[in-house]
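Thanks for coming. I have one structure to go through today, a sheet and then the cavities, so let me put it on the screen.

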Amino acid sequence: MATEYCFTVNGMRRTTTEKKSLLRYLRDDLHLFSVKDGCSEGACGTCTIIVDGVAVKACVLTTDKSVGRNIVTVEGLTEREQDAFVYAFGSKGSVQCGFCIPGMVMAGKALIDQNPDPTEEEIKYALRGNICRCTGYKKIIEGIQLTAAILRGDAEIDYDLERGDQYGVGQRAFRVDVRKKVLGYGKYPDDIVMDGMVHLSAVRSKYPRARVLKIDASKAEALPGVLGVLTAKDVPNNKVGHIQQDWDVMIAEGDITRMIGDTICVVVAETEEILEKAKKLVKVDYEKLEPIRNVHEAMAEDAPQIHSSGNLCQQRHVTRGDAKTALEKAAYKVTRSFTTPFTEHAFLEPECAVSFPYKDGIKILSTDQGAFDTRKEVSIMFGWDPEKIVVENQLIGGGFGGKEDVTVQHLTALAAYKYQRPVKAKFTRQESLFFHPKRHAMEGTFTLGCDENGIFTGLDCEIYFDTGAYASLCGPVLERACTHSVGPYCYQNTDIRGFGYYTNNPPAGAFRGFGVCQSEFALESIINLLAEQVGISPWEIRYRNAIEPGKVLPNGQIADCSTALKETLEAVKDVYEANKDHAGIACSMKNAGVGVGLPDKGRCNLVIEDGVCVIYAAASDIGQGCATVFCQDVAQATGLPFSKIRNAVCNTENAPDSGTTSGSRQTLLTGEAVRGAAVKLADAMKEIDNDLEKLNGKNYFYEYYEPTDKLGADVPYPKSHIAYGFATHVVILDKKGKVTEVYAAHDSGKVVNPTSIQGQIEGGVLMGMGYALTEDWPLKDCVPQVTYGTLGLLRSTQIPNIHAIYVEKEKLLDVAYGAKGIGEIATIPTAPAVQGAYYALDGKFRTKLPLEDTFYRPKEEE
């Protein structure tokens with residue numbers, strides 16, 4: 001007779017005979033989807049629940065160890081507790097992508113039950129086991145503080161704030177998705193269950209470079225419950241790729257693997273348990289080959305060719321003026337070489353998709369940064385008209401660039417079409433770490449010159465990127481690294497050479513900052529050495545060279561009226577000067593929109609449905625809050641209350657293509673499309689006395705497109721991008737070298753939602769601080785030597801006091817109410833500011849990330 005395991009879940013007695021992870025029991029058996037599966041390794045905290053009054057990670061507890069215990073999930077909180085957390089987290093801006101939030105709620109609930117009035121340090125300690133990659137923790141801590149105050153009667157819930165009829169541009173808007181994310185009922189793809197749904201997983205290469213001699217799946221195929229095993233022979237066109245179609249869907253017999261995560265075949269089975277058994281029965285014979293470990297090996301004359309085109313994936317040469325002569329004549333110049341590592345996005349939600357037969361094709365429920373981009377890649381694989389594929393984004397648990405390429409979407413689509421069943425595939429955390437593209441590792445040499453007054457005269461630099469096994473977005477990322485390596489300054493002599501090489505490492509692609517984190521780390525660091533030679537302060541040399549409205553950027557673009565770099569420098573001057581012997585400062589600029597001559601359009605269709613304005617725009621909200629921004633744009637243009645505005649569940653069938661969520665473009669480009677459509681609606685409303693019911697069924701479409709000039713265009717003042725954001729960060733250390741304060745001053749144009757921008761800046765700063773000090777991606781012969789828990793992600797107990805400062809000029813761009821976006825630039829200046837702070841503190845000029853011989857990486861630990 002089977003042993004029964006009995007325990008209480010949310011007040012109900014539960015019994016099971018299965019000995020398994022409590023996480024799996026809660027999700028799979030009870031469908032308590034607030035308990036998120038972020039890693040199944042006890043490292044991330046997304047599955048935090050309360051067991052006998054204590055916060056516990058459900059993935060490390062099993063059903064047999066739960067006997068007699070009292071278990072509570074978010075679903076089991078009282079209505080008052082739920083409302084308190086929703087209001088507090090919404091009003092404080094604690095929620096971005098939302099995947100970590102139910103776990104944070106339960107960690108906070110366990111603390112408040114024991115201590116109704118916790119201090120900030122006590123809250124930080126209570127959250128030490130929970131990772132957030134979006135917010136920088138500060139807003140979550142504030143949310144728990146307010147929740148505690150509400151529950152003990154010292155604060156009240158303002159229900160009108162959540163309903164939010166004061167919702168225009170510039171208002172502290174309550175995000176539209178707060179409630180479903182806080183309470184955990186909003187659906188990410190892994191929360192989807194469908195009748196007849198089967199499961200898919202890949203058998204992956206054991207070696208980064210090896211010839212696949214034979215794939216024997218006969219034993220797996222014979223296992224009851226296995227629908228089949230698909231190989232490269234089953235793929236109509238065995239290539240995908242975001243821009244370059246160089247990524248094999250599966251590695252065929254006789255072909256050579258390019259990385260440890262390559263798919264050899266996929267198994268489709270009725271249950272996940274059968275799936276795991278079947279994968280172990282697939283036998284793959286390899287001829288192991290020597291991998292190409294780095295750019296230097298890839299450049300060697302006798303190097304094996306990873307792709308038929310050779311090992312040079314992309315190159316860029318950006319010039320203006322005469323850098324050689326300018327540097328020869330410079331009064332002072334500095335040359336240094338820099339090294340930065342691969343780094344991992346570490347978003348909390350692993351990749352997952354569900355595909356099913358739809359009409360004469362396939363529908364994909366996905367978590368990605370561009371629904372139309374995913375449709376395009378899947379259509380290439382099938383050789384289909386793209387319209388046969390419908391992609392619908394669910395909630396997206398973070399991206400930061402790491403969800404731009406297809407991962408599981410195309411595989412589920414292939415299997416769903418083959419077997420005519422709904423198919424789910426989700427990455428384990430280790431699969432996610434091995435497979436999706438990272439931040440490019442860089443080696444670069446930079447020479448910057450100036451005159452006797454510290455005015456920059458010329459820059460020469462050579463940048464080498466390791467793009468790993470596949471191109472991903474190597475070209476555009478390398479291009480941004482080159483075009484932004486000049487910094488946000490005013491000089492006209494540049495010679496920048498960039499090269500991206502294939503290796504057998506995991507691929508590299510888009511990551512918040514998009515190549516600029518690497519090149520700006522180098523440039524901003526050598527600026528401090530140049531300031532020393534001139535005899536002026538790091539603040540002063542930046543201020544003297546800072547771009548201003550009407551002046552010309554090093555790429556030839558005339559800075560527009562909204563440019564406020566000098567204002568960001570002025571905002572941090574006093575705090576920097578007061579701490580300059582242990583503080584660092586760095587500036588940056590970052591484009592908004594794709595630019596460089598490529599077509600880049602924002603599109604929106606507003607439809608009046610039952611007296612409500614419904615927004616249709618296929619723009620992925622990955623936590624940055626664009627869905628809320630669009631509602632604010634509509635409210636501003638029409639005067640409608642929030643109760644009369646909502647976002648549709650958008651997909652590639654019902655909404656116009658609004659472009660990918662990349663390049664800090666959605667608030668500006670799609671925001672302007674929303675504004676344009678809303679102005680049309682406002683005009684129509686005037687004719688019917690603002691009675692929306694009379695407009696039922698009407699739709700108002702708007703497309704925004706502003707051309708830019710291609711790279712190297714032969715025009716006097718080429719327009720590279722629609723707009724640029726600007727920033728200055730100051731990092732302050734204590735005597736031990738610990739980061740205690742960060743002042744982050746940003747010009748992002750008009751701040752649409754002040755609550756959201758604060759969290760974006762704080763999260764960006766902490767991500768940049770991790771890049772500078774703790775995060776790494778060690779490889780051994782192209783094999784990553786990491787787990788989620790060893791990535792070096794900063795936790796709540798390690799955060800400094802982050803001061804988010806935003807600068808708004810009176811004169812703004814006449815686009816999207818003057819907004820320019822914040823998503824990427826918030827990360828860029830932090831690492832060089834940290835480097836500068838250490839240089840000021842101890843005089844050691846560090847050129848390699850993560851920085852060595854610091855409070856965070858003492859010498860003896862290297």
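Start with the open sheet of 7 strands, in a model that is predicted, not experimental. The strand order is β8-β11-β6-β18-β15-β16-β17, and the pairing is mixed. As a reminder, strands in a sheet pair through backbone hydrogen bonds, either parallel or antiparallel.

Which strands stand at the edges? They are β8, residues 226-230, and β17, residues 389-393. Each has a single partner strand, so one side of each has no neighbour in the sheet. From one strand to the next, the twist averages 20°.

Look at the β8 end. β8 runs antiparallel to β11, residues 263-269, and 4 bridges join the two. Within that pair, L230 is opposite V266 of β11.

Now the helix on this sheet. α13, residues 409-419, lies across β6, β8, β11, β15, β16 and β18. Its angle to β15, residues 352-358, is about 30°.

Next, the cavities. Counting those of 30 Å³ or more gives 8. The largest cavity holds about 570 Å³ of space. Its lining has 37 residues, and the closest to the centre are Q624, Q760, I822, G823 and E824.

What is that lining made of, by class? There are 19 polar, 12 nonpolar and 6 charged residues. Three helices each supply at least two lining residues: α19 (626-638), α20 (666-686) and α21 (754-773). The largest share comes from α21, with 3 residues.

That is what I have; comments are welcome.

Definitions and conventions
Residues are numbered from 1 along each chain as its sequence is written. This is a predicted model: local features need pLDDT of at least 70, side-chain atom pairs count only at pLDDT 80 or more; totals for chains, interfaces and linings use all residues. Side-chain values use heavy atoms; hydrogens and water are left out. On a 1 Å grid over the protein atoms alone, a cavity is a set of points where a 1.4 Å probe fits but cannot get out, and a pocket is an open set with protein on both sides within 12 Å along at least five of seven lines; lining residues have an atom within 4 Å of a point. Grid points are joined across faces, edges and corners, and a volume is the space filled by probe spheres set on the points. Helices (H or I, at least four residues) and strands (E, at least two) are DSSP runs, numbered from the N terminus. Ala, Val, Leu, Ile, Met, Phe, Trp, Tyr, Cys and Pro count as nonpolar, Asp, Glu, Lys and Arg as charged, and the others, Gly among them, as polar. Two strands pair if DSSP finds at least two bridges between them. Axes are lines fitted to C-alpha atoms, for helices over the stretch in contact, and angles run from 0 to 180 degrees between N-to-C directions. Contact means heavy atoms within 4.5 Å.
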